[in-house]
Structures are given as C-alpha cells and as structure tokens.
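Good morning, everyone. Please look at the sequence and the structure as they appear on the screen, and I shall then take us through one helix and a few charged pairs.

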Amino acid sequence: MAFDNLSEKLQNIFKGLKGKGRLTEADVKTALREVKMALLEADVNFKVVKNFISSVQERAVGQDVLTSLTPGQMVIKIVNEEMVNLLGGSAVELQLMPPSEITLIMMCGLQGAGKTTTTAKLAGKLKSKGRKPLLVACDIYRPAAIDQLKINGEKQGVSVFSMGDKHKPLNIAKAAMEHASKNGYNVVILDTAGRLHVDEAMMEELQEIKSNLNIHQTILVVDAMTGQDAVNVSQNFNDKLGIDGVILTKLDGDTRGGAALSIRAVTGRPILFAGMGEKLSDLEPFYPDRMASRILG
Ligand code: GDP
C-alpha cells in the first residue's frame, strides 16, 4: 500500500517524541524537521510541506503543549489533526441531483490514469445506491476504450451507450442524454478521451462538452503512482476546465503517496474516492481521517 515507507518513518519520529517525558521547543523543532524530510521524500509537494509544517509548529511550540503532562502525545495529536485538514477535513460525497432528475457526470483524465475502469467502478457504486446509471463511450480515438467500457459495463450490469468512433464526443453526449431521459436513466457518466499528456486538443474537446451541456460534476481521475505529475495534471485540469472532485487511482500500488497528500491543498478540490485495485469493486470513499491514521499509524 502507498505510504508504507512514510508511515514507518513518521512512527519512528513519534516514538522518539513519546519517549521523552519533557519536551523543549528545540525538541519539537527537530522532530518537525524530520517530519518535513519524510514528507518531502514521500514526494509531497514542497509548498504543501512548508505550509503543513508551519501550521503544526505554530500550534505545537506553545506553552500549553510543552508544559502539559504528555507533550509528545500532544504534538502527535496536532500532526494528526493537521494531516486530516490537509486531506480535506471531512469526507466529501459525490453531489448528485435528486433521483427524479438526470445527473450528468463528466470523467476526465490522462490516458492510463484508470478513467475507463473507474467510470465502471463508479457506476457500480451508484447502481448499488439505487440509481440507474448510463455509461457513455466518448473516447472515440481508441476503439479499445469503447470495448473496454462495454465489457466493464456488462460486468457491472450497467448499460453502455456508444455511437462508435465516427461522431463528435459532444454529439454522442447529447444523444446519450436524450436516450437517458427516454429510458429512465438518472445518472449519465461520460467516459471522455485522455491523452498521454495534457494537450490543447483534449482540453478543447472537454471544454466544448462542458460549455454546451449542463455538466453537474466534472471528475478528474488521477494516477497516484505518477507523483508530482499527478499534482501538476490536477492543477492544469482545474485551471483550464474546472473540476469538482478528484478520484485518485492505484493507491494500492507501491507509490510514495505524495500526490494523495498534495492534490487537495493545491487544487482546493476534494478527493472523492480512492482506487484500491484493478477489480471493479476496488473503489473506496476517501475519508481524510482514516487516511491520516493509516499514514501516521
Ligand atoms: P484510462 O486510459 O484512463 O481509461 O485507464 P484504464 O481504465 O484503461 O486503466 C489503466 C490501467 O490501470 C488498467 O490496467 C487498470 O486495470 C489499471 N487500474 C485502474 N485503476 C486502478 C487501481 O485503483 N489500482 C490498480 N492497481 N490498477 C488500476
């Protein structure tokens, strides 16, 4: 699981803090310097680390902490609270329209991030909540993506709307909305095309869909394994397109995890779900407090 390495380092630092009966300001500063190094090594964005450490420090070197009976525990508690804040505070749910209306969701992200898989995972989650989702194949550049969506949709027992690869994604999306309203679907999820890198053509296509249809949720799918790149990609999509939330994939992998810790702070957008494996059931709501506990041990 991501963070194993970071977790181990932080636990060692905390052990040192707990071991000391009394703490001086210098002890706290030394420990926080070590925390800073551990976060940077885990590939957390530099600015994010700097802000994180200064908010912890501001709270942790006060008299009431240092003169308390268990100063080490108090410092650890502050680190934990600030980590939860960094990850977004409380869990944010995907916002849906009432079931009597159609919620239109646009999934976007780079190729290979896990967009098509995640789209099917999400549809399964919504179906189990009693919604009637329709998946829409808007990635017309990779015929394999259309087939993959159909196969995954079938596995989830969710319908897939496709018009092949000869129509514009915007027109496919419009036709899908009509199909949805005629057939009683109440969540339409567009699986859009990704590219290997953020490029103009991809953004223009997404912007065209967004400006012509009433998209309720624009969800960015990012691969946690790509580290700082994941942070840059998120910032880019948010600046150019505007995103409502992020789904972070491959958190089960052996990553350094820094992306997960940085994206919320850098974009201001919540992480809604975490992808924890290749199976279609491997999608978990993202709980900042549980994630912080996992990291801090
Ligand atoms: P797309 O190009 O963004 O549509 O990406 P795909 O959905 O085709 O996924 C790319 C690869 O990542 C596939 O092999 C997926 O099985 C894999 N994948 C997607 N999400 C996860 C995840 O959360 N964990 C792991 N381990 N693999 C994932």
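Which side chain meets that of K168 in a salt bridge? The partner is E208, with a nitrogen-to-oxygen distance of 2.9 Å. Please keep in mind that this is a predicted model. K168 sits in the loop between β3 and α8, whereas E208 belongs to helix α9, so the bridge ties together parts that are 40 residues apart in sequence. K168 is partly exposed, at 41% relative accessible area, and E208 is also partly exposed, at 30%.

Let us stay with helix α9. This helix runs over residues 200–212, and its 13 residues should span 18 Å at 1.5 Å a residue; the end C-alpha atoms are indeed 18 Å apart. Its buried residues are M202, M203, E205, L206 and I209. Viewed down the axis, they fall within an arc of 160 degrees, so they line one face of the helix. That buried set packs against β1, α8, β4 and α10. On the other side, E200 and S211 are exposed. At the N-terminal end, D199 acts as a cap, with a side-chain oxygen 3.3 Å from the backbone nitrogen of A201.

I turn now to the remaining charged pairs. The whole structure contains 13 salt bridges. One of them joins E81 to R59, with the closest N and O atoms 2.5 Å apart. This pair connects helix α5 with helix α3, across 22 residues. E81 also forms a salt bridge with K77, at 3.2 Å; these two are four residues apart in helix α5, about one helical turn. Together, R59, K77, E81 and E82 are linked in a network of salt bridges.

Technical notes: Residues numbered from 1 in each chain as written. Predicted model: local features only at pLDDT ≥ 70, side-chain atom pairs only at ≥ 80, totals over all residues. Heavy atoms only, no water. Expected span 1.5 Å × (residues − 1). Buried < 20%, exposed > 50% of the residue type's maximum accessible area, 1.4 Å probe, protein only. Arc of directions from axis to C-beta. Contact = heavy atoms within 4.5 Å. Polar contact = N/O pair within 3.5 Å; in protein donor to acceptor, adjacent residues only side chain to side chain. Salt bridge = Lys/Arg side-chain N within 4 Å of Asp/Glu carboxyl O.
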